Amino acid sequence: MPWRYVYCDVGYAANRRQVWTPVRSKPKDDQAISSSLPIGVFDSGVGGLTVLRALLDQLPGEDFVYLGDTARLPYGTKSPASIRQYSLQAARLLHERGVKCLVVACNTASAIALDALAHEFDPVPVIGVLEPGAAAACQATRAGRIAVLATESTVRGGAYQAAITRRRPDAIVTARACPLFVALAEEGWTDGPIVEGVIHRYLDEIFVADVAAARPDTLVLGCTHFPVLAPVLRDVLGPDVAIVDSAATTAVALADALTRRGVLRHDRAAGTVTLLATDGPERFARVGAVFLGRPLAPADVEIVDLAFAQAPSRA
């Protein structure tokens, strides 16, 4: 896929010039959404690039604009009010640039802010990663015993537990907050004795049971940072545990949503990708390459300031 990148030196640092130059005009509320508009994707950092990777595989002809709010990473330790505020600001920036759909590539934001986002940006469809992940877990489990690994906010809010038991009332769901997984993923530490030690510290209590039937048979990676740890999780847990990543099911949900609204692109084989971040293009490129599965350079990233993003007009 050909890539289109822009770099401009703006951002949060006080000694840097703050400039807001929209790439696309915002669609008017009374106009139909055009199929030629890009799809907006946002996350608290680079973890959502695992979702973008699946979206590119599923929909190679679409244009994508990805925003990682790296200046305020992680969302998972923030209050619900802050998560909603940050999510709305990120989505507003994408909306201002003109998008035909918003994908919330962050489980924490999907759990806390999805309703607020859907309300504010209607009629632009908003798709989260939590519901597709819950659906995939219910399909994968054999005995209804499911473990969910997520951030503190996602676990505390109980959104995954509710979404799973709504689909499968007899499910036994164990949720565990694994905040260090985010730090490991952001550092690019995806294997080795330190990573394995952290996994054992979080998961032995759940998976090391006297009775095999009491152990979860399915593990949900309830944070978009966690898929890069899937290989080492597989090594630690063994082959009998199904590991569920919501990225692929989210891509299918997006394709279905675009098809239902008649805005799926059929006119070309390859689209473009624009990468945005709120801080640290060097770090975004270095770590993001691991999540996206292809090389990135700091010049591939446009730094933006969310303070300039405005709520959509309801005129």
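Gln139 is exposed in this predicted model, with a relative accessible area of 70%; here exposed means over 50% relative accessible area, buried under 20%, and partly exposed in between, using a 1.4 Å probe and protein chains only. Gln139 belongs to helix H4 (residues 130-140), where helices (H or I, at least four residues) and strands (E, at least two) are DSSP runs numbered from the N terminus. Between the C-alpha atoms of Gln139 and Arg167 there are 9.8 Å, although 28 residues separate the pair along the chain.

Residues are numbered from 1 along each chain as its sequence is written. Local features need pLDDT of at least 70 and side-chain atom pairs count only at pLDDT 80 or more, while totals for chains, interfaces and linings use all residues, and side-chain values use heavy atoms, with hydrogens and water left out.

Two other positions help to fill in the picture. Ser36, in the segment before strand E1 (39-43), is partly exposed at a relative accessible area of 37%. Its C-alpha atom is 9.1 Å from that of Val99, and the two residues are 63 residues apart in sequence. Phe64, by contrast, is buried, with a relative accessible area of 1%, and sits in strand E2. The C-alpha atoms of Phe64 and Thr274 are 6.3 Å apart, with the two positions 210 residues apart along the chain. Contact means heavy atoms within 4.5 Å. Setting aside neighbours within four places in sequence, the contacts of Phe64 include Pro38, Ile39, Val41, Leu52, Leu254, Thr272 and Thr274.

For the chain as a whole, eleven helices and ten strands are assigned. Of its 315 residues, 54% count as buried. Among contacts with a separation of 6 or more, 80% come from residues 24 or more positions apart. The average pLDDT, the predictor's confidence in each residue from 0 to 100, is 87, and 86% of the residues score at least 70. Residues 1-30 deserve a note of their own: pLDDT stays under 50 there, and the model has 81 contacts beyond four places in sequence for this stretch.

Helix H9 (residues 230-237) offers a clear view of packing. Ala230, Val232, Leu233 and Leu237 are its buried residues. Seen down the axis of H9, these residues fall within an arc of 160°, so they line one face of the helix; the arc is that of the directions from the helix axis to the C-beta atoms. An α-helix has 3.6 residues a turn, so residues three or four places apart point the same way. Pro231 and Asp235 are exposed on the other side of H9. The cover over the buried residues of H9 includes helix H7 (179-187), helix H8 (193-207), strand E7 (218-221) and strand E8 (242-245).

In H7, the buried residues are Phe181, Val182, Leu184, Ala185 and Glu186. They pack against strand E5 (145-150), H8, H9 and helix H11 (281-292). Each of these two helices is followed by a glycine with a positive phi: Gly188 just after H7, at about 80°, and Gly238 just after H9, at about 90°.

The largest pocket holds about 230 Å³ of space. On a 1 Å grid over the protein atoms alone, a pocket is an open set of points where a 1.4 Å probe fits, with protein on both sides within 12 Å along at least five of seven lines, and lining residues have an atom within 4 Å of a point. Grid points are joined across faces, edges and corners, and the volume is the space filled by probe spheres set on the points. Of the 15 lining residues, Phe207, Arg215, Pro216, Leu237 and Val241 are the closest to the centre. H8 gives the most to the lining, with four residues, and H8 and H9 each supply at least two. By class, the lining has eight nonpolar, two polar and five charged residues, with Ala, Val, Leu, Ile, Met, Phe, Trp, Tyr, Cys and Pro counted as nonpolar, Asp, Glu, Lys and Arg as charged, and the others, Gly among them, as polar.

Two cis peptide bonds complete the description. One joins Leu73 and Pro74, with omega about -5°, and Pro74 is in the loop between strand E2 (64-68) and helix H2 (80-97). Another joins Asp122 and Pro123, with omega about 15°, and Pro123 is in the loop between helix H3 (107-121) and strand E4 (126-128).
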